[in-house]
Amino acid sequence: MSNDLKGKVNRLGIMGGTFDPIHYGHLVAAEMARGEFNLSKVLFIPSGTPPHKVNRDVSAANLRYEMVELAIQDNPAFDLSALEIERIGLSYTVETLRVLRRAWPEYELYFITGTDALLEIFSWRDAEEILTMIQFIGAARPGFDASDFLLKVQQEHPETQGRIHYLEVPALAISSTDIRARVRNGQPIRYLLPELVRLFLQKHGLYTAE
Ligand code: NAP
């Protein structure tokens, strides 16, 4: 990011994800984005019913919400919103952003999510409108080739020039899918996610069955 942008505007990070479960990769990504893009705050928004996962088992929204609450409690720059889990129906990002746009009119909004999720952005409901409202920060796992991704997006959608950013996050070698598989197979997950979250999912018997 160029230095001339720093400090001139208020910026809010919006951390969207299913968080099933939240882990250190997500937390490091949010904190790195906060530092790199000079965000005043990062608001975590667990998806209620993700539109692309209607045929897949996703843990109950209230449990995913509680795990995020436990995970972020020691960072004063992190906050949590129940906007999507309280809304009836599928969790379309555009609807969330319309609400946030109204609630934070003086802020620039940065939507932080996984780069693989961002690759699908143009299939999201009202994608063009989304891109006028906010900028994106794609948090990438190590080894993800961002140059290809950015080139393709800019070629196919020149209007997104300068509005989609990329952040390599080595800690994203941790993944929710892997954690769920580990629990199912009785393998250790300690140190992949906050201890309070590990104890929570143990208490609720999450991910033990297929
Ligand atoms: P996903 O398909 O579960 O995740 C795609 C990849 O991104 C996974 O590798 C995931 O890793 C990673 N990821 C997800 N959220 C992340 C985050 N905040 N920071 C870093 N990495 C992250 O994606 P999802 O979590 O369900 O959806 C991501 C966001 O896009 C959500 O806010 C969702 O509502 C939105 N979305 C909207 C639409 C729509 O409006 N039509 C459609 C799809 C997605 P982990 O598995 O380790 O998290």
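Mentor: Ala, Val, Leu, Ile, Met, Phe, Trp, Tyr, Cys and Pro count as nonpolar, Asp, Glu, Lys and Arg as charged, and the others, Gly among them, as polar. The model discussed here is predicted.

Trainee: How do the residues of the shell around the ligand divide into nonpolar, polar and charged?

Mentor: The shell holds ten nonpolar, twelve polar and four charged residues. Among the residues that come nearest the ligand are Thr 18 and Ser 176, together with Lys 53 and Arg 141. Lys and Arg count as charged, so Lys 53 and Arg 141 belong to that class.

Trainee: What makes the approach of Gly 16 to the ligand a polar contact?

Mentor: A backbone N or O atom of Gly 16 lies 3.0 Å from a nitrogen atom of the ligand. The cut-off for such a pair is 3.5 Å, so this pair counts. Ser 176 also qualifies, because its backbone N or O atom lies 2.8 Å from an oxygen atom of the ligand. For Thr 113, a side-chain N or O atom is 3.3 Å from a ligand nitrogen atom, and therefore within the limit.

Trainee: How much of the ligand does the protein bury?

Mentor: Taken alone, the ligand exposes 870 Å², and the protein buries 90% of that.

Trainee: Which space does the ligand take, and which element gives the most to the shell around the ligand?

Mentor: The ligand takes the space of the largest pocket, which holds about 980 Å³. β4 gives the most to the shell, with four residues. The largest share of the pocket lining, four residues, also comes from β4.

Methods
Residues numbered from 1 in each chain as written. Predicted model: local features only at pLDDT ≥ 70, side-chain atom pairs only at ≥ 80, totals over all residues. Heavy atoms only, no water. Near = heavy atom within 4 Å. Polar contact = N/O pair within 3.5 Å; in protein donor to acceptor, adjacent residues only side chain to side chain. Areas by Shrake-Rupley, 256 points an atom, 1.4 Å probe, with all protein chains shown as cover. 1 Å grid on protein atoms, 1.4 Å probe; cavity = no way out; pocket = protein on both sides within 12 Å on 5 of 7 lines; lining within 4 Å. Sits in = over half its atoms within 2 Å of the grid points. Helix = DSSP H or I, 4+ residues; strand = E, 2+ residues; numbered from the N terminus. Points joined across faces, edges and corners; volume = space filled by probe spheres on them.
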